[in-house]
Amino acid sequence: MSSTALYPTPPKDVLAQFIGKSIRHVPTPAAVINVAAVRRNCERMLQACVKLGLDWRAHVKTHKTVELTEFQVGNDKDRPVNLIVSTLAEAEFLLPRLKKYRSHGRHVNVLYGLPVPQSALPRLAAVARDLGEGSVSVLLDDPAQVPIISSFQSLAGVVPHAHIKIDMGGKRAGVEVQGTRFLELADAALEAHSQGRIRLSGLYSHAGHSYGGDSRAAAIKMMRAELSAMLEGADRLTSRAAEKSIANLPPLIVSAGASPTALAVQNLITTAEEGQDDAPTELKSEVQALSNLFTAVRSKGHVVEIHAGVYPTLDLQQLAAHSLSASRLSWGDIALTILAEVHSNYPGRGADGTPEALIGSGGIALARESCKAYEGMAMLSPWGRKDGALPSCNVEDFRGWIVGRFSQEHGILTWRSGNAKSEPVQPDQELPKVGGKVRLWPNHACITSSQFSWYFVVDEDKVGKEDEIVDIWVRCRGW
């Protein structure tokens with residue numbers, strides 16, 4: 001049974017009562033999306049893929065909405081609609097829109113982002129029946145999964161595509177390309193491919209530990225590591241296929257990415273725009289090395305695909321990874337904020353006699369996610385304040401109010417003096433008053449968003465009406 005029946009979404013026609021109103025008048029806590037930033041972030045990624053000749057696959061797990069998916073895949077009818085879902089619910093929720101894309105002539109492929117379990121087959125098969133041949137892909141990282149997915153065709157009437165999941169050191173899922181386990185899996189997958197039970201399409205990696213990076217060069221280096229590992233795996237696959245006289249292996253897709261590494265490919269464009277003379281030597285070296293690697297992958301007949309999920313909304317974790325220059329990755333590009341109300345002020349209660357405030361957004365609204373740049377759960381944006389300019393510093397050096405402590409429903413605003421020890425401890429920004437509304441930049445948009453059933457959408461490009469709700473985007477629920 002589809003989760004759309006088990007986890008019904010809020011009725012959008014009822015939520016439409018908020019359209020045209022200010023976000024100052026909605027119940028809190030609330031999730032707010034600035035569609036102008038979403039538009040910029042998605043256009044930059046699509047344009048980068050076009051300029052660099054890369055295939056693109058959009059992860060929808062962060063937002064789980066139809067509307068933002070449309071920004072991720074763009075309007076070019078000649079481009080395929082390649083997606084990753086982290087839950088079956090996401091595929092089922094997006095299915096009506098995907099069928100429209102298919103009817104308009106766009107190729108659609110949905111990759112289920114976990115190594116495929118037996119229990120997923122009936123629901124995946126239902127999606128594939130509606131979308132047709134080539135519409136569903138799965139990940140394999142254990143030979144025991146191959147017999148499971150081999151029964152997919154009898155359920156769906158179409159052959160599933162399959163990627164071998166590569167472990168890049170995160171030890172979350174996947175196999176290492178150098179190991180014997182990779183060959184055991186390759187042999188099982190190649191046999192199923194030769195018998196027409198699956199179409200072995202390529203390899204897939206997710207470098208989640210790239211969130212720990214601290215520079216543009218570091219992010220590019222991690223992307224190179226992903227692609228190099230998968231190129232080695234692709235070479236082993238093609239050699240194994242030749243040994244077994246399997247001649248019908250397609251060009252293999254090497255699909256790499258997490259938002260820091262996927263964003264990092266834009267450095268190949270921006271460094272050229274900025275001028276090579278102005279770029280640091282290490283960055284220039286990494287840019288050239290990645291460009292050469294793209295060429296090497298293609299020269300062997302493979303296809304380079306990148307994927308990412310949180311890049312449309314961004315968050316503090318992404319700012320802290322510094323994978324792009326501030327012209328493309330800065331405070332104003334964070335599209336998701338959490339709206340909260342100030343319940344109480346506590347003069348002198350904080351460290352060194354600083355004031356504190358209580359807001360009605362704690363661990364449930366913000367999610368218990370850390371950011372390596374500071375100790376806290378969220379940072380207070382300048383929205384609605386007299387000193388309302390965006391920060392000009394790096395996230396590590398942020399000076400202002402943060403959610404420094406929290407419990408389930410309580411968040412405590414505390415003062416952060418920045419990263420320099422010589423900074424004065426006392427606040428030089430006014431503490432938000434009781435009854436006021438504040439907007440918070442979260443640490444991790446994916447987890448924070450999961451606490452909400454819809455987004456209030458505003459558009460900062462509407463000058464003078466930046467706080468007006470222009471739409472409501474309903475999220476899918478369930479698994």
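Four side chains, those of Arg40, Arg44, Asp333 and Glu460, are tied together in a network of salt bridges. The model is a predicted one, and the full count of salt bridges in it comes to 25. A few of the others are worth a look one by one.

Take Asp187 and Lys244, whose side chains meet in a salt bridge with 3.9 Å from N to O. This pair links distant parts of the chain, with the two positions 57 residues apart in numbering: Asp187 belongs to helix H9 (residues 180-194), while Lys244 sits in the loop between helix H10 (216-243) and strand E8 (253-256). Lys244 counts as partly exposed, because its relative accessibility is 42%.

Then there is the pair Glu356 and Arg349, where the closest N and O atoms are 2.8 Å apart. The two partners sit in rather unlike surroundings: Glu356 is buried, with just 4% relative accessible area, whereas Arg349, at 41%, is partly exposed. Lys462 and Glu468 make a salt bridge as well, and here the closest N and O atoms are 3.2 Å apart. Lys462 has a relative accessible area of 30%, so this residue goes down as partly exposed.

On to the overall layout. The domain assignment splits out domain 1, covering 107-308, and domain 2, covering 331-443. Their C-alpha centres lie 39 Å apart.

What about the open space? The largest pocket holds about 1,100 Å³. Its lining is made up of 46 residues, and the closest to the pocket centre are Lys61, Ser86, Arg172, Cys446 and Ile447. Several elements give two or more residues to this lining, namely strand E4 (108-115), strand E6 (161-166), strand E9 (303-308) and helix H16 (445-449). E4 provides the largest share, with three residues. Sorted by class, the lining has 18 nonpolar, 18 polar and 10 charged residues. Where does the largest pocket lie relative to domain 1 and domain 2? Both domains give residues to the lining, so the pocket lies between them.

The second largest pocket has a volume of about 380 Å³. It is lined by 19 residues, and those closest to its centre are Asn34, Trp383, Leu390, Arg439 and Glu460. Glu460 has already come up, as a member of the salt-bridge network with Arg40, Arg44 and Asp333. In this second lining, eight residues are nonpolar, six are polar and five are charged.

Asn34, another of the residues closest to the centre of the second largest pocket, leads on to the strands. Its bridge partner in E16 is Val458. Asn34 is part of strand E1 (residues 30-34), which runs parallel to E16 and is joined to it by three bridges. E16 also pairs with strand E17 (residues 471-474), this time through four bridges and in an antiparallel arrangement. Within that second pairing, Trp454 stands opposite Val474 in E17. Is strand E16 (residues 454-458) largely enclosed or left open? Four of its five residues are buried, so the strand is largely enclosed by the rest of the structure.

Terms used:
Residues numbered from 1 in each chain as written. Predicted model: local features only at pLDDT ≥ 70, side-chain atom pairs only at ≥ 80, totals over all residues. Heavy atoms only, no water. Buried < 20%, exposed > 50% of the residue type's maximum accessible area, 1.4 Å probe, protein only. Domains from an automatic or database assignment. 1 Å grid on protein atoms, 1.4 Å probe; cavity = no way out; pocket = protein on both sides within 12 Å on 5 of 7 lines; lining within 4 Å. Points joined across faces, edges and corners; volume = space filled by probe spheres on them. Nonpolar A, V, L, I, M, F, W, Y, C, P; charged D, E, K, R; others polar. Pairing = 2+ DSSP bridges.
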